[in-house]
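I opened my notebook to log what I looked up in this structure. The entries are short and in the order I made them.

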Amino acid sequence: MILSYTRRSFLLQATACGGTAYLNATKATAYEEAGNKLRIAAVGVANRGSMGIAYCSGEDITALCDVDAANVGRAQEAFPKASRYSDYRVMLEKEQDIDAVLIAVPDHMHFPIAMAAIQLGKHVYVEKPMGWTVEEVRQLTQEAARQGVVTQMGIQGHAIEDGRRLCEMIGSGVIGAVREVHVWTSRPDWPQGMTTPLPEEPVPPTLDWDLWLGNAPHRPYNQGYCPRRWRVWWDFGTGALGDMGCHLLDPVHWALKLGAPLSVEVVKREQCTEQSGPLYSTLKYEFPARGDLPPVTVYWYDGIGKGNFVPRPEGLPEDTIIGDSNDSDNGSLFVGDKGFITAGEYGGRNPRLVPDTLMEDYEYPEPTLQRIGWMDRAHWKKWHHWDWIRACKGGPEPGANFNYAGPLTETVLLGNVALRACALGQTMQWDSENMRSQNVPEASLSSAPVHGMAKEAQDETRRLNTT
């Protein structure tokens with residue numbers, strides 16, 4: 001299988017840490033007593049990274065690493081004893097006593113940082129999606145299992161009760177066999193459909209732009225890439241699917257015990273280019289039967305309210321609220337033989353039967369899945385990190401460990417493979433075991449967001465460049 005690295009792989013290997021020799025360090029200690037503090041290093045300490053550090057602040061925050069020195073300076077105000085770094089490889093070489101690594105950086109750098117830490121035997125927490133390509137996700141899943149480290153992907157809703165309650169509702173058979181699911185988001189909240197790179201701007205004095213690019217192809221700096229809008233660009237991000245797919249498809253994957261899809265069809269796609277994701281899209285995933293569960297079709301919609309919409313299944317009243325608050329935000333709808341269940345954004349929040357009158361006398365099933373209930377609901381976003389910390393100290397395996405999160409993330413990222421490799425209306429057949437498509441060769445090069453575009457998408461890009 002061909003790795004999707006560029007000449008910048010050299011940058012990721014040739015450093016003061018001496019190649020790969022430091023990978024032979026001893027594995028992190030497995031803590032047995034809750035009183036012992038984990039020694040945690042953080043890579044990416046601004047925005048989402050700063051939240052993760054705060055959630056783990058009861059542990060020993062040993063090292064702070066960020067390619068922007070200003071970010072490290074701000075983070076160090078709260079943890080003055082922590083060592084500071086700009087290059088994660090140097091940090092891993094020098095901080096060999098750390099137990100675990102928090103990773104909150106742009107998507108294209110999740111894999112190299114997580115893989116280096118895992119091979120050192122460090123526990124890792126990686127924000128979603130855990131890799132930039134399907135192949136990267138598969139390799140991380142396999143390597144974490146070989147090394148026996150504790151892993152967690154950042155889908156915070158997986159730790160709350162709502163997702164478990166949704167699974168139990170589906171499992172109880174209250175809506176019968178589920179054969180169709182609709183999942184939607186209003187993302188992207190940033191401009192997509194970009195056709196050309198942005199013009200060069202001066203690099204901020206505190207930023208190491210070369211380190212930020214990492215394994216991505218070189219391009220001049222522009223603030224439209226860093227620090228906040230990197231999700232737009234295929235070289236760095238994974239678009240609306242990578243941003244919200246892991247959150248919204250998590251309860252679907254969990255409740256319906258999904259494995260890999262058999263196929264992905266591009267139903268709708270507006271202005272998907274070689275540079276960036278589409279303005280909006282609709283995808284159709286087909287999953288096989290699982291045990292006594294029937295085959296199921298899962299529809300993904302992004303750009304809701306920005307040109308895309310969720311069609312109402314027959315039998316659902318037009319005035320019924322689905323999702324978080326209405327059908328132009330985020331949510332999911334499970335269509336069963338005997339009815340409907342809808343849920344909101346994170347981890348299947350607020351699962352309920354619809355129409356709402358069905359909830360008046362409804363009693364939720366007896367719990368069958370373990371809860372993570374030691375915190376009050378107002379602080380639910382901390383639970384996911386605490387679930388990971390507990391496991392690092394010898395507790396139960398965390399819910400979004402890579403054995404679970406890996407297959408989920410592969411499904412999510414396959415949507416991007418289809419968006420970039422397939423013509424509109426084309427169905428990409430998928431062989432998960434071999435990570436290749438039987439009918440779309442462009443999707444089989446590296447199971448990646450392919451760098452070549454299908455003819456229809458190329459024509460679309462040329463049209464946009466001339467208008």
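My entries below cover a sheet, two helices and a tryptophan.

**Entry 1: the sheet.** I am working from a predicted model. I began with the strand order. The sheet is open, has 9 strands and mixes its pairing. I read the order as E13-E12-E11-E7-E10-E9-E8-E14-E15. Which strands stand at the edges? They are E13 and strand E15 (436-437). Each has a single partner strand, so one side of each is left without a neighbour in the sheet.

I then checked one pair. E11 and E12 run antiparallel and are joined by 4 bridges. I picked out one residue pair there: Val 335 has Phe 340 in E12 as its bridge partner.

**Entry 2: helix H7.** Next I looked up H7, residues 161-172. I count on 12 residues and a reach of 16 Å from first C-alpha to last. That is close to the 16 Å expected at 1.5 Å a residue. Where does H7 lie? H7 lies across E7, E11, E12 and E13. Its direction is at about 175° to E12.

I listed its buried residues. They are Asp 162, Gly 163, Arg 164, Leu 166, Cys 167, Glu 168, Met 169 and Ile 170. I also looked for what covers them. The cover includes strands E7 (178-184), E11 (331-336), E12 (340-343) and E13 (352-354). Helix H9 (239-255) is also part of that cover. After H7 comes Gly 173, with a positive phi near 80°.

**Entry 3: helix H5.** I turned to H5, residues 110-119. This helix is mostly covered, with 9 of its 10 residues buried. The buried residues include His 110, Phe 111, Pro 112 and Met 115. Ile 113 and Ile 118 are also among them, as are Ala 114, Ala 116 and Ala 117. I noted a glycine here too. Gly 121, just after H5, takes a positive phi of about 85°.

**Entry 4: Trp 132.** Last, I looked up a loop residue. Trp 132 sits in the loop between strand E5 (123-127) and helix H6 (134-147). Is Trp 132 buried or exposed? Its relative accessibility is 6%. The cut-off for buried is under 20%, so Trp 132 counts as buried.

I then looked up what its side chain reaches. One target is the backbone oxygen of Trp 234, at 2.9 Å. Another is the backbone oxygen of Gly 237, at 3.4 Å. I also logged a pair with Met 109. Trp 132 and Met 109 are 23 residues apart in sequence. Their C-alpha atoms are 7.7 Å apart in space.

Key. Residues numbered from 1 in each chain as written. Predicted model: local features only at pLDDT ≥ 70, side-chain atom pairs only at ≥ 80, totals over all residues. Heavy atoms only, no water. Helix = DSSP H or I, 4+ residues; strand = E, 2+ residues; numbered from the N terminus. Expected span 1.5 Å × (residues − 1). Buried < 20%, exposed > 50% of the residue type's maximum accessible area, 1.4 Å probe, protein only. Contact = heavy atoms within 4.5 Å. Pairing = 2+ DSSP bridges. Axes fitted to C-alpha atoms, helices over the stretch in contact; angles between N-to-C directions. Polar contact = N/O pair within 3.5 Å; in protein donor to acceptor, adjacent residues only side chain to side chain.
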